[in-house]
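Good morning, colleagues. Please have the sequence and the structure open in front of you while I speak.

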Amino acid sequence: MVIATSIMAVMMAFVAMFIRMKAAEKPTNAKKIILPPIFMSTGALMFLHPMFRVTVTELIEALVLGGIFSIFLIKTSRFEIINNQIYLKRSKAFMFILIGLLVIRLALKSYLSNKIDYGELSGMFWLLAFGMIVPWRIAMYLSYRKLKKQLHR
């Protein structure tokens, strides 16, 4: 099961990279920034099933690690104004960071799968991802709003 979910994680990472590259070709808006964490939040329903529930310590560990990982995404996500529209600026470093985070995540999953129950581990990695995407998207939204104000001056 660990191998199957790891393969899925790799596939999702490549989809995220592809989407990110395509997003840089079109102007962005607040909705495109805010909606991904909202859509992802539906995954919290997994915690209704006892198999996926985590301890308070595991919850804190996953969210703190997600927050640390989000710093790298925040630092590589920039916007630029082109023809009075706001675009997400392409960053080569973003792709390397995304791949690096994926490698770290897979290594952690491989190591922890021998120590933590599969369901709990799944819950922890969802929390890690959510703890990473929420601060990143908040930072992106604040940056976007700042540029939007510059446009309307």
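Met51 counts as partly exposed, at 36% relative accessibility. I should say at once that we are looking at a predicted model. Met51 is placed in the loop that joins α2, residues 30-41, to α3. Its C-alpha atom is 8.6 Å from that of Asp117, although Met51 and Asp117 are 66 residues apart in sequence.

Let me now set out the overall arrangement. The protein has five helices and two strands. Read from the N terminus, the order of the elements is α-α-α-β-β-α-α. Along the principal axes, the C-alpha atoms occupy a box of roughly 55 × 25 × 20 Å. The protein has 153 residues, and 33% of them count as buried.

I turn next to the packing of the helices. A pair of packed helices is described by two quantities, the angle between the axes and the distance between the axes. I shall take three pairs in turn.

The first pair on my list is α3 with α4. Their axes lie 10 Å apart, and the packing angle is about 160 degrees. Because angles over 145 degrees count as roughly antiparallel, α3 is roughly antiparallel to α4. The crossing in which α3 passes α4 is right-handed.

Next come α4, residues 92-112, and α5, residues 118-151, which pack at about 160 degrees with an axis separation of 11 Å. That angle makes α4 roughly antiparallel to α5. Here, too, α4 passes α5 in a right-handed crossing.

What, then, is the angle at which the axes of α3 and α5 cross? It is roughly 40 degrees, and the axes of α3 and α5 come within 7 Å. An angle of that value makes α3 oblique to α5. The crossing of α3 and α5 is right-handed.

Helix α3 also deserves attention for its surface. Which residues make the nonpolar surface patch of about 590 Å²? They are Val56, Leu59, Ile60, Leu63, Val64, Ile68 and Phe72. Phe72 is placed in helix α3, which spans residues 56-75. With a relative accessible area of 42%, Phe72 is partly exposed. Val64 is likewise a residue of helix α3, and its relative accessible area of 48% makes Val64 partly exposed. Val64 can also be related to a position much later in the sequence: Leu127 is 63 residues away along the chain, and the C-alpha atoms of Val64 and Leu127 are separated by 9.6 Å.

Two further residues, in the N-terminal part of the sequence, may be considered side by side. Lys32 lies in helix α2 and counts as partly exposed, at 42% relative accessibility. Lys32 and Tyr141 are 109 residues apart along the chain, with 9.5 Å between their C-alpha atoms. Ile7 has its place in helix α1, residues 2-23. At 46% relative accessibility, Ile7 counts as partly exposed. For Ile7 and Lys22, which are 15 residues apart along the chain, the separation of the C-alpha atoms is 23 Å.

I come lastly to the loop between the strands. Asn83 lies in the loop between β1, residues 78-82, and β2, residues 85-89. Asn84 is placed in the loop between β1 and β2 as well. Are these asparagines buried or exposed? Asn83 is exposed, with a relative accessible area of 72%. Asn84 is exposed at 64%. The backbone is worth examining here. Phi of Asn83 is near 50 degrees, a positive value in a residue that is not glycine. Asn84 also has a positive phi, of about 60 degrees, although Asn84 is not a glycine either.

To draw these points together, I would ask you to keep three places in view. One is the nonpolar patch of about 590 Å², which includes Val64 and Phe72. Another is the set of helix pairs, where α3 is roughly antiparallel to α4 and oblique to α5. The last is the loop between β1 and β2, the place of Asn84, where Asn84 has its positive phi of about 60 degrees.

Note on methods. Residues are numbered from 1 along each chain as its sequence is written. This is a predicted model: local features need pLDDT of at least 70, side-chain atom pairs count only at pLDDT 80 or more; totals for chains, interfaces and linings use all residues. Side-chain values use heavy atoms; hydrogens and water are left out. Patches are made of residues with over 30% relative accessible area and no salt bridge: like charges are joined within 9 Å, nonpolar side chains (Val, Leu, Ile, Met, Phe, Trp, Tyr) within 5 Å. Accessible areas come from the Shrake-Rupley method with a 1.4 Å probe; for residues, only the protein chains shown count as cover. A salt bridge is a side-chain nitrogen of Lys or Arg within 4 Å of a carboxyl oxygen of Asp or Glu. Helices (H or I, at least four residues) and strands (E, at least two) are DSSP runs, numbered from the N terminus. Buried means under 20% relative accessible area, exposed over 50%, partly exposed in between (1.4 Å probe, protein chains only). Axes are lines fitted to C-alpha atoms, for helices over the stretch in contact, and angles run from 0 to 180 degrees between N-to-C directions. Angles under 35 degrees count as roughly parallel, over 145 as roughly antiparallel, 65 to 115 as roughly perpendicular and the rest as oblique. A crossing is left-handed if the near helix is turned anticlockwise from the far one by less than a right angle, and right-handed if clockwise.
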